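Work through the following exercises with the sequence and the model open side by side. Each task is followed by a solution that proceeds step by step.

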Amino acid sequence: MPLRAVSVSILLIFCVACGDASGFRQPTLEQRLVSGTVIQVISCRLVWGIEHGERHAKQDSFALEYVTSLSPSARDELDREVLDVFELIRPVSEQWGFSTASVAAFPSPERSGKYDVFTFSRSTDGRWSVSRTAAKVFNTESGHKPGHS
C-alpha cells in the first residue's frame, strides 16, 4: 500500500507540475476577415430552436462569438467589424434556410464582463437586418448572479 500511495503522489505532482501556470485558457481560432482584420473566434456553433423541451425548427440558427480589439466607445467601428464577422456565417445560414443568426463581440477570450450581441434577422425578400444588445457575463465562483441566491 505505501508503494501505491507514493506512486499516486508522484503522478499527482507530475500532473500539477506539467500544467499551464496560468490555468485554463479559452481556445481560439484566428480568422482573417474580408477587411484584412484578423479576429479570434471563440465559438461557432449550430443553435437548435428548443425552448422548455419543445422543438421550434424555425428558430434554428448559427451563433459566432469572437474577440474584438475595439474599445467599447468605438461603436461605429464595432458595427462595421461585426458586419464583416457576420459574413463568416451568413452564407451557411442562408444555405440552411435560417432566418436568424447571432454574433457576440467579447473584449477577451475569457467571456467575462460586458459584451455586445448582434442579432441578425432575414426578411422574406432575403435581406438581413441587425440589432445590438448589451449583455454581461455573471461569472462568480458560485455560479450565481451577484445578489441572487
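**Exercise 1. State how many salt bridges the structure holds, and examine the pair E65 and R45.**

Solution. The structure holds 8 salt bridges, a salt bridge being a side-chain nitrogen of Lys or Arg within 4 Å of a carboxyl oxygen of Asp or Glu. In one of them E65 is joined to R45, with the closest N and O atoms 3.5 Å apart. This pair links distant parts of the chain, since E65 belongs to strand β5 and R45 to strand β2, 20 residues apart. Helices (H or I, at least four residues) and strands (E, at least two) are DSSP runs numbered from the N terminus. As to accessibility, E65 counts as buried at 12% relative accessibility, whereas R45 is partly exposed, with a relative accessible area of 37%; buried means under 20% relative accessible area, exposed over 50%, and partly exposed in between (1.4 Å probe, protein chains only).

The model is predicted, so local features need pLDDT of at least 70 and side-chain atom pairs count only at pLDDT 80 or more, while totals for chains, interfaces and linings use all residues. Residues are numbered from 1 along each chain as its sequence is written, and side-chain values use heavy atoms, with hydrogens and water left out.

**Exercise 2. Determine which elements hold the salt-bridge partners D79 and R132, and which hold E94 and R90.**

Solution. Begin with D79 and R132, whose side chains meet in a salt bridge at 2.3 Å, N to O. Because D79 lies in helix α2 (residues 75-86) and R132 in strand β8 (residues 128-137), the pair ties together parts that are 53 residues apart in sequence. D79 is partly exposed at 33% relative accessibility, and R132 is likewise partly exposed, with a relative accessible area of 23%.

Turn next to E94 and R90, whose side chains form a salt bridge at 2.9 Å, N to O. Both residues lie in helix α3 (residues 90-95), 4 residues apart, which is about one turn of the helix. E94 is partly exposed at 27% relative accessibility, and R90 is partly exposed at 23%. Finally, salt bridges that share partners join R45, E65 and R111 into one network.

**Exercise 3. Describe how strand β2 pairs with β1 and with β5.**

Solution. Two strands pair if DSSP finds at least two bridges between them. Strand β1 (residues 29-32) and strand β2 (residues 38-47) run antiparallel and are joined by 4 bridges; one bridge partnership is that of E30 with Q40 in β2. The two strands form a hairpin with 5 residues between them, and G36 in the turn has a positive phi of about 100°. Strand β2 also pairs with β5 in the antiparallel sense, over 7 bridges, and here the bridge partner of V47 in β5 is S61.

**Exercise 4. Is D60 buried or exposed, and what does its side chain reach?**

Solution. D60 is placed in the loop between β4 (54-55) and β5 (61-67), and with a relative accessible area of 6% D60 is buried. Its side chain reaches the backbone nitrogen of G49 at 2.7 Å, and a polar contact of 2.7 Å joins the side chains of D60 and R55. A polar contact is a pair of N or O atoms within 3.5 Å; within protein, one must be able to donate a hydrogen and the other to accept it, and residues adjacent in sequence count only if both atoms are side-chain atoms. Leaving aside neighbours within four places in sequence, D60 is in contact (heavy atoms within 4.5 Å) with V47, W48, G49, R55, F98 and T100. V47 therefore appears both among the contacts of D60 and, as the bridge partner of S61, in the pairing with β5.

**Exercise 5. Carry out the corresponding analysis for T68.**

Solution. T68 lies in the loop between β5 and α2, and T68 is buried, with a relative accessible area of 8%. The side chains of T68 and E81 are joined by a polar contact of 2.6 Å. Not counting residues up to four places away in sequence, T68 touches L78, E81, A105, F106 and P107.

**Exercise 6. Place these details in the protein chain as a whole, starting from its helices and strands.**

Solution. The protein chain has 3 helices and 8 strands, which follow the pattern α-β-β-β-β-β-α-α-β-β-β along the sequence. Buried residues make up 24% of its 149 residues. Among the contacts with a separation of 6 or more, 46% are between residues 24 or more positions apart.
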